[in-house]
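Reader: I'd like to go through this one with you, question by question. Can you walk me through it?

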Amino acid sequence: MKLVTIETIPGKEFEVLGMVKGTIVQSKNFGRDFMAGLKTLVGGEIVSYTEMLNEARQIATKRMVDEAEKLGADAIVGLRYGSSAVMQGAAEVVAYGTAVKMK
C-alpha cells in the first residue's frame, strides 16, 4: 500500500474509492506518568510519551490501511494525522486519507 501526503501521485491516474481512517485512544500508565512528572522538573523530551504516541500512530495507520484494503485500494493519498486529548490521561490519534485504485 502506497501512502502519500500529497493529493496526487505524479504520473498516475486513479479512481477515488473514498475516505478511510484509523483511530486509537491510547492511555498513559502510572509508570509513564510518574517518570514524566519527574522529567518536567528538569526539562527535555519525555521519551516514554514520544514512544507511546509513535506506537499509537502506527496502530492508527494500520487500521486505516486495513480499511483501504477492504475497499480494494492500491494507495492512500492526502494522508494526515490528528491527535487530541480525550480525557485526562488519554489521547486519541487519527490517521485519515483518501483510498484510491490505480488505473
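Reader: How many bridges join S3 to S4?

Author: This is a predicted model, so take what follows as read from a prediction. S3 and S4 run antiparallel, and one of the pairings puts valine 77 across from threonine 98 in S4. The number of bridges joining S3 to S4 is 10.

Reader: Which residue in the turn of that hairpin has a positive phi?

Author: S3 and S4 form a hairpin, and 2 residues sit between them. One residue in that turn has a positive phi of about 90 degrees, and that's glycine 89.

Reader: In what sense do S1 and S3 pair?

Author: S1 covers residues 2-3, and it pairs with S3 over 2 bridges. Lysine 2 stands opposite alanine 75 in S3. The sense of the S1 and S3 pairing is parallel.

Reader: In what order do the elements run from the N terminus on?

Author: The chain has 2 helices and 4 strands to place. Starting at the N terminus, the order is β-β-α-α-β-β.

Reader: What share of the contacts with a separation of 6 or more comes from residues 24 or more positions apart?

Author: Threonine 61 gives a taste of the contacts here: in helix H2 (residues 47-70), it touches Leu3, Tyr81 and Ala95, leaving aside residues up to four places away in sequence. For the chain, the share coming from residues 24 or more positions apart, among contacts with a separation of 6 or more, is 74%.

Reader: Is threonine 61 buried or exposed?

Author: Threonine 61 has a relative accessible area of 13%. Buried means under 20%, so with its 13% threonine 61 counts as buried.

Reader: And what percentage of the residues in the chain is buried?

Author: The chain has 103 residues. Buried residues make up 32%.

Reader: Let's go to the charged side chains. Which residue meets lysine 21 in a salt bridge?

Author: The search of the whole structure finds 4 salt bridges, and this one has an N to O distance of 3.8 Å. The pair links distant parts of the chain, 46 residues apart, with lysine 21 in strand S2 (residues 14-27) and its partner in helix H2. Lysine 21 is partly exposed at 40% relative accessible area, and the partner is partly exposed at 27%. That partner is glutamate 67.

Reader: What separates lysine 62 and aspartate 66 in helix H2?

Author: Their side chains meet in a salt bridge, 3.0 Å from N to O. Aspartate 66 counts as partly exposed, at 28% relative accessibility. Because the two are 4 residues apart in helix H2, the separation is about one helical turn.

Reader: Where is aspartate 74, the one that pairs with lysine 101?

Author: The side chains of aspartate 74 and lysine 101 meet in a salt bridge of 3.7 Å, N to O. Both ends are partly exposed, aspartate 74 at 30% and lysine 101 at 34%. Lysine 101 belongs to strand S4 (residues 90-102), 27 residues away from aspartate 74, and aspartate 74 itself is in the loop between H2 and S3.

Reader: Now the surface. Which residues form a nonpolar patch there?

Author: The accessible surface of the chain comes to about 6600 Å², with 56% belonging to carbon and sulfur atoms. The patch has about 300 Å² of accessible area together. One member lies in strand S3 (residues 75-87) and is exposed, with a relative accessible area of 56%. The patch residues are Val25, Val86 and Met87.

Methods. Residues numbered from 1 in each chain as written. Predicted model: local features only at pLDDT ≥ 70, side-chain atom pairs only at ≥ 80, totals over all residues. Heavy atoms only, no water. Buried < 20%, exposed > 50% of the residue type's maximum accessible area, 1.4 Å probe, protein only. Contact = heavy atoms within 4.5 Å. Areas by Shrake-Rupley, 256 points an atom, 1.4 Å probe, with all protein chains shown as cover. Patch = residues over 30% accessible without salt bridge, like charges linked within 9 Å, V, L, I, M, F, W, Y side chains within 5 Å. Pairing = 2+ DSSP bridges.
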